[in-house]
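The following explanation leads the reader through a single protein model. It is best read with the structure open alongside the text.

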Amino acid sequence: MKNTKPKPSSPLVGIIMGSASDAEVMEPGRTTLKEFGIACEFKVLSAHRTPDEALKYSEEAAGRGIEVLIAGAGGAAHLAGVLAAKTLLPVIGVPIQSKSLKGLDSLLSIVQMPPGIPVATVAINGSANAALLAIEILALKYPELQTKLRAYRESMRRKVLDARV
Ligand code: RP5
């Protein structure tokens, strides 16, 4: 029978970042997944500093039960594209705000993938939205995530309507 309930202990999402210096920006993604009861892997792997390990991770991710990848990188940010090249899993890229160009370099590097290998791209430093998009993808298979997403949106709606200004 098809498994339609995510197991809290087995990671469904891989959050990969190009440097330990990206961890703070990627943390809201991990927190968001946790709030929805989704376990994830949270790892540093670099497309240029550890290319072999990054490719191996991507190649083996689906076989280990990962269903969506999130990749954060800054500067000439090719990590998401490199991971996407080695897997059929959906890959969501998070452009990290860089010092010299404020993340515009990261954004364009990730969003401008040539045809054939797609990478979904969220806002600069948008790891929480990357996690929400990953949850929406997972919700196609796990109906309880749809229920949680509806409740999440309702709580946002309530906050706006109850705002006192
Ligand atoms: C990229 O270079 C990383 O994703 C990071 O955003 C940026 C800077 O890395 P560090 O020099 O801080 O390690 O590879």
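The paragraphs below begin with the sheet, then turn to the cores, the ligand and a few individual residues.

The model is a predicted one. A suitable starting point is its open sheet, in which five strands follow the order E2-E1-E3-E4-E5 and pair in the parallel sense. The two edge positions are held by E2 and by strand E5, residues 120-121; each has a single partner strand, so one side of each is left without a neighbour in the sheet.

Strand E1 deserves a closer look. On one side, E1 (residues 13-17) pairs with E2 (residues 40-44) in the parallel sense, over five bridges. Along this pairing, Gly14 stands opposite Glu41 in E2, and Met17 stands opposite Val44 in E2. E1 also pairs with E3, again in the parallel sense and over five bridges. In that pairing, Ile15 faces Ile70, a residue of E3. The connection from E1 to E2 can also be described as a unit: together with helix H1, residues 23-35, the two strands make a right-handed β-α-β unit.

Is E1 buried or exposed? Five of the five residues of E1 are buried, so this strand is largely enclosed by the rest of the structure. The side chains may be followed residue by residue: Val13, Ile15 and Met17 point one way from E1, whereas Gly14 and Ile16 point the other way, and all of them are buried.

The interior is the next topic. In soluble globular proteins, nonpolar side chains tend to be buried together. In this model, the largest nonpolar core has 24 residues, and those with the most contacts inside it are Val13, Ile38, Ile70, Ile135 and Leu138. Two or more residues are given to this core by each of E1, H1, strand E3 (68-74), strand E4 (91-96), helix H5 (127-139) and helix H6 (143-162). Helix H5 provides the largest share, seven residues. Leu138 illustrates how parts of the chain meet: leaving aside residues up to four places away in sequence, Leu138 touches Leu12, Val13, Ile38, Glu67, Val68 and Leu145.

There is also a second, separate core of 19 residues, which includes Ala54, Tyr57, Ala73 and Leu83. One of these residues, Leu83, is also touched by Ser58, whose other contacts are Leu69, Lys86 and Thr87 when residues up to four places away in sequence are not counted. Ser58 itself lies in helix H2, residues 51-61. With a relative accessibility of 1%, Ser58 counts as buried, because the cut-off for this class is under 20%.

Attention now turns to the ligand. Which residues are around it? They are Gly18, Ser19, Ser21, Asp22, His48, Arg49, Ala73 and Gly74. Ala73 is thus found around the ligand and is also part of the second core. Three of the surrounding residues can be described through oxygen atoms of the ligand. For Ser21, a polar side-chain atom lies 2.6 Å from an oxygen atom of the ligand. For Asp22, an N or O atom in the side chain is 2.6 Å from an oxygen atom of the ligand. For Gly74, the atom concerned belongs to the backbone: a polar backbone atom is 3.0 Å from an oxygen atom of the ligand.

Finally, two residues in loops merit attention for their backbone angles. Most residues other than glycine have a negative phi. Lys102, although not a glycine, has a positive phi of about 60°. Lys102 is found in the loop between E4 and helix H4, residues 104-111. With a relative accessible area of 61%, Lys102 is exposed. Asn125 likewise is not a glycine, and its phi is positive, at about 65°. Asn125 lies in the loop between E5 and H5, and at 30% relative accessibility this residue counts as partly exposed.

Note on methods:
Residues are numbered from 1 along each chain as its sequence is written. This is a predicted model: local features need pLDDT of at least 70, side-chain atom pairs count only at pLDDT 80 or more; totals for chains, interfaces and linings use all residues. Side-chain values use heavy atoms; hydrogens and water are left out. Two strands pair if DSSP finds at least two bridges between them. Helices (H or I, at least four residues) and strands (E, at least two) are DSSP runs, numbered from the N terminus. A crossover is right-handed if, with the strands pointing away from the viewer, the path from the first strand over the helix to the second runs clockwise. A nonpolar core is a set of buried Ala, Val, Leu, Ile, Met, Phe, Trp, Tyr and Cys residues joined through side-chain atoms within 4.5 Å. Buried means under 20% relative accessible area, exposed over 50%, partly exposed in between (1.4 Å probe, protein chains only). Contact means heavy atoms within 4.5 Å. A residue is near a molecule or strand if one of its heavy atoms lies within 4 Å of it. A polar contact is a pair of N or O atoms within 3.5 Å; within protein, one must be able to donate a hydrogen and the other to accept it, and residues adjacent in sequence count only if both atoms are side-chain atoms.
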